[in-house]
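Here's a quick briefing to read alongside the model. It starts with the sheet, moves on to the helices, and ends with a pocket.

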Amino acid sequence: MSTKVVFCWSDISGYMAACWRALHLLPEIDVFVIAFQARTQTAFSDQLMQDIPCRLLNLQERQEANLVKSLVLAESPDVVILSGWFHQPYRHLAFASELSHTALIMGMDTPWWGTWKQHLAPWMLHSFLQRMDRVVVSGERSWQYATHLGVLPAKIVRGLYGIDYNAWFPLWEKRLHTCWPRSFLFVGRYVSAKAVDLLAEAYQLYRCQVSDSWKLVCCGQGPLSSQLQGQPGIDNCGFLQPTQMQKIWQSAGAFLLPSRLDPWPLALVEAAAAGLPIVCTDACGSAVEVIRPGYNGLMIPKDNLEALAKALLILHQRYEDLSTWGKRSQQLAAPYAADIWASRWRELIHNLILDKTS
């Protein structure tokens, strides 16, 4: 008999679709996903959810707590997984009497920053967190926040996210068999948090220091798009669906993510899986897990123009090392493969059900 698991998620993505699909393929797990329908052309396509049992909510539906609860109850779940505490209709599920005997899991990727709001959070979220049987965190920084929230270490599990590792893994060898590309790649939203403005300025500073500068390819969309448009050496490709990105990743020589604020960016994990050396800031939460400075990339302070420009110059000057760094990146990304993610969650769900029935 299979275990019914309902995910109550926010936006869909290529990496989560790969994970849900891998989990649903396990005969002992029956997956159903409730998530947000794509709103704009810059969102991941609903087609990502093909073959995954799901109900995607439109803008109005996602705010209807009664509808959300009825969709969950219709599945008669053994386990309900909530994507954090930020969406009120999902948060209300923790207090639904109909789910009082259902196992509840919360996912969280928010790192510990020590702000006054985070210091108040244990009191504001106490009753909600008391209902959680497990809290699954993305990495070390969110583990720290979970402990500050008062979650017992025995209830905290690492491994919230995974990626479609098999889709990225062949790119290193394909890149190696041609000629390692002399180019930089940025993938993300064109917003201040991702420091797109700083990236554009640092790139021009780098160009002034070399005679044979590499191009910078940017994929994304957002209000800071004008910072990239028409700039020398910058190729702005706009937002692309995952199926359109393979050639972009293959033609990149190194990945850049100079974020000012980025809880646990999956782009770093995907870049590592694609076999790329990586430059990122210490504001990127996932850097703790997948970046080893001087081994497979460089980690720099956030909001530091000179440090970012220098990092680009170092990659340029160490061109012969880039393929080695890229191979090392793949080793660090391997634990996040969707099949490994699914096995980890199967064990988590199995143990949780045993605990609830014992």
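Two strands count as paired if DSSP finds at least two bridges between them. With that in hand, this predicted model has 7 strands that form an open sheet with parallel pairing. The second largest pocket, for its part, holds about 310 Å³ of space.

**The sheet**
- Reading across, the strand order goes S3-S2-S1-S4-S5-S6-S7.
- Strand S3 (54–57) and strand S7 (156–158) sit at the edges with a single partner strand each, so each has one side left without a neighbour in the sheet.
- From one strand to the next, the twist averages 20°.
- Look at strand S4 (residues 79–82) and strand S5 (residues 103–108): they pair in the parallel sense over 4 bridges.
- For Leu-82, the bridge partner in S5 is Met-106.

**Helices lying across the strands**
- Helix H1 (residues 14–24) lies across strand S1 (3–11) and strand S2 (29–36), and runs at about 155° to S2.
- Helix H6 (residues 140–148) lies across S5, strand S6 (134–137) and S7, and its angle to S7 is about 175°.

**The second largest pocket**
- Which helix gives the most to the lining of this pocket? That's helix H4 (residues 116–124), with 4 residues.
- Sorted by class, the lining comes out as 8 nonpolar, 2 polar and 1 charged residues.
- Among the lining residues are Trp-85, Phe-86, Trp-113, Lys-117, Gln-118, Tyr-145 and Pro-263.

Note on methods
Residues are numbered from 1 along each chain as its sequence is written. This is a predicted model: local features need pLDDT of at least 70, side-chain atom pairs count only at pLDDT 80 or more; totals for chains, interfaces and linings use all residues. Side-chain values use heavy atoms; hydrogens and water are left out. On a 1 Å grid over the protein atoms alone, a cavity is a set of points where a 1.4 Å probe fits but cannot get out, and a pocket is an open set with protein on both sides within 12 Å along at least five of seven lines; lining residues have an atom within 4 Å of a point. Grid points are joined across faces, edges and corners, and a volume is the space filled by probe spheres set on the points. Helices (H or I, at least four residues) and strands (E, at least two) are DSSP runs, numbered from the N terminus. Ala, Val, Leu, Ile, Met, Phe, Trp, Tyr, Cys and Pro count as nonpolar, Asp, Glu, Lys and Arg as charged, and the others, Gly among them, as polar. Axes are lines fitted to C-alpha atoms, for helices over the stretch in contact, and angles run from 0 to 180 degrees between N-to-C directions. Contact means heavy atoms within 4.5 Å.
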